[in-house]
Amino acid sequence: MNFPSILESISDLNLGQVEYLLNSAKGFKYNPRKHPYYEVNQPVVATCFLEHSTRTRNSFVLAAEKLGAIYLNFDPATSSLKKGENLEETFLTLRSQGVDLCVIRTAVPGELHPFKNNPPFKIINGGDGMHQHPTQALLDLFTMIETGFKPKGNTMAIIGDCEHSRVCHSLIDLMTMVGCKIILCGPSGCLPRQTPHKNVELTSDVTYAINNSDLLYLLRIQKERHKKFGESNYFSDYPWSHGITMERLKKLEKNVPVYHPGPANIGIEIGACVFKNPTNKHELGYLGYEQVRHSLWMRMAIIMAMLERRI
Ligand code: CP
């Protein structure tokens, strides 16, 4: 049957074409295996990023595609969220479109929590405000192990804006679970008021932190979050007070790997010379690109594990 090249309005179709479409749609609904264009059992993985991202979103897209899933890019900026549709209705709509799993990033801490009791589909938190970024912590642990760091009994320093960092909160939960000790280091406004775990120590003394650690994990100073809290006076001093420069690292008697989840403020929390010294070995150098490389494999593992029990 010939169809118009442009379906602009119903008047482009005759009754025979309408009947053909009704029958064809019925075939897809009740007998999809017989249709040459229909792939059975391909899960649909979507991303819904309500906040910007380069690393997390792209690596989930690549992970989904490499696993053979159908990838759906739900773009909030061009979606009906802009017409006032709420998140729950959006998710129910995506579920009706066949989404099995959605990776969601939001600026609102805990925004995914209400969906836990009755999830519309599998949900992976791609970062929610200052709360959690679990897949970042998992890929970091994988990178550490793959590059020779043994978490159990060793110490990592997390240096930077610990209090406002979702990465830091997830790292504390995960790294203490695998027996790693943690030193949180930063200016007082960047640290929690009290230690969140018996194996987590707090200090503002960066020399103490790096001298007593086997691995440095640097965090971005999140100016956007400090403005809200009226603590913007740290930033001009930060490179000197807490920035990790090659000069600081060279004073150490041992080589320590330097991690950063990205994006980094080069020249603030990490010196340009450290940033430009990438390495894939357990030695002095920046491992940020190794974290990115390992993110793909860990996110493939996470998607596969979560889809094994399909909704
Ligand atoms: N580490 C991280 O979450 O980076 P993106 O914001 O680029 O995803």
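Helices, like strands, are taken here as DSSP runs and numbered from the N terminus. In this predicted model, helix 2 is followed by Gly68, a residue whose phi is positive, near 85°. With that landmark in place, the description can move from the chain as a whole to helix 2, then to helix 5 and its cysteine, and finally to two loop residues.

The protein chain contains 11 helices and 10 strands. Its C-alpha atoms fill a box of roughly 80 × 40 × 35 Å along the principal axes. Of the 311 residues, 45% count as buried. The exposed surface of the protein chain comes to about 17,000 Å², and carbon and sulfur atoms supply 52% of that area. Sequence-distant pairing is also evident in the contacts: when residues at least 6 apart in sequence are considered, 69% of the contacts join residues at least 24 apart. As for charge, the protein chain carries 34 positive and 30 negative charges, and the mean positions of these two groups are 3 Å apart.

Helix 2 covers residues 55-66. Its 12 residues should span 16 Å at 1.5 Å a residue, and this agrees with the model because the end C-alpha atoms are 16 Å apart. Which residues of helix 2 are buried? They are Thr56, Ser59, Phe60, Val61, Ala63 and Ala64. These buried residues pack against strands from several parts of the chain, namely strand 1 (44-49), strand 2 (70-74), strand 3 (101-106) and strand 4 (122-128). Two helices complete the list of packing partners: helix 4 (134-146) and helix 11 (288-307).

Helix 5 (residues 166-177) also has 12 residues. From its first C-alpha to its last it reaches 17 Å, close to the 16 Å expected at 1.5 Å a residue. Helix 5 is mostly covered, with nine of its 12 residues buried. The buried set begins with Arg166, Val167 and Cys168, continues through Ser170, Leu171 and Ile172, and ends with Leu174, Met175 and Thr176.

The cysteine in that set leads to the matter of disulfides. A search of the whole structure finds zero of them. Cys168 is accordingly in no disulfide, and the nearest cysteine sulfur, that of Cys162, lies 4.3 Å away. A disulfide here requires a pair of cysteine sulfur atoms within 2.5 Å, so a separation of 4.3 Å does not qualify. Cys168 is buried, with a relative accessible area of 1%. Cys190 is likewise in no disulfide; for Cys190 the nearest cysteine sulfur is again that of Cys162, at 7.3 Å. Cys190 is buried too, and its relative accessible area is 0%.

Two loop residues round out the picture. Ala77 sits in the loop between strand 2 and helix 3 (87-96). Is Ala77 buried or exposed? With a relative accessible area of 52%, Ala77 is exposed, because the cut-off for that class is over 50%. The C-alpha atoms of Ala77 and Asn125 are separated by 19 Å, and the two residues are 48 apart along the chain. Phe235 is found in the loop between helix 7 (223-229) and helix 8 (238-241). Phe235 counts as buried at 12% relative accessibility, since buried means under 20%. Between the C-alpha atoms of Phe235 and Ile221, which are 14 residues apart along the chain, the separation is 7.8 Å.

Terms used: Residues are numbered from 1 along each chain as its sequence is written. This is a predicted model: local features need pLDDT of at least 70, side-chain atom pairs count only at pLDDT 80 or more; totals for chains, interfaces and linings use all residues. Side-chain values use heavy atoms; hydrogens and water are left out. Helices (H or I, at least four residues) and strands (E, at least two) are DSSP runs, numbered from the N terminus. Buried means under 20% relative accessible area, exposed over 50%, partly exposed in between (1.4 Å probe, protein chains only). Contact means heavy atoms within 4.5 Å. Accessible areas come from the Shrake-Rupley method with a 1.4 Å probe; for residues, only the protein chains shown count as cover. Lys and Arg count as positive and Asp and Glu as negative; His and the chain ends are not counted. The place of a charge is taken as NZ of Lys, CZ of Arg, CG of Asp or CD of Glu. The expected span of a helix is 1.5 Å times one less than its number of residues.
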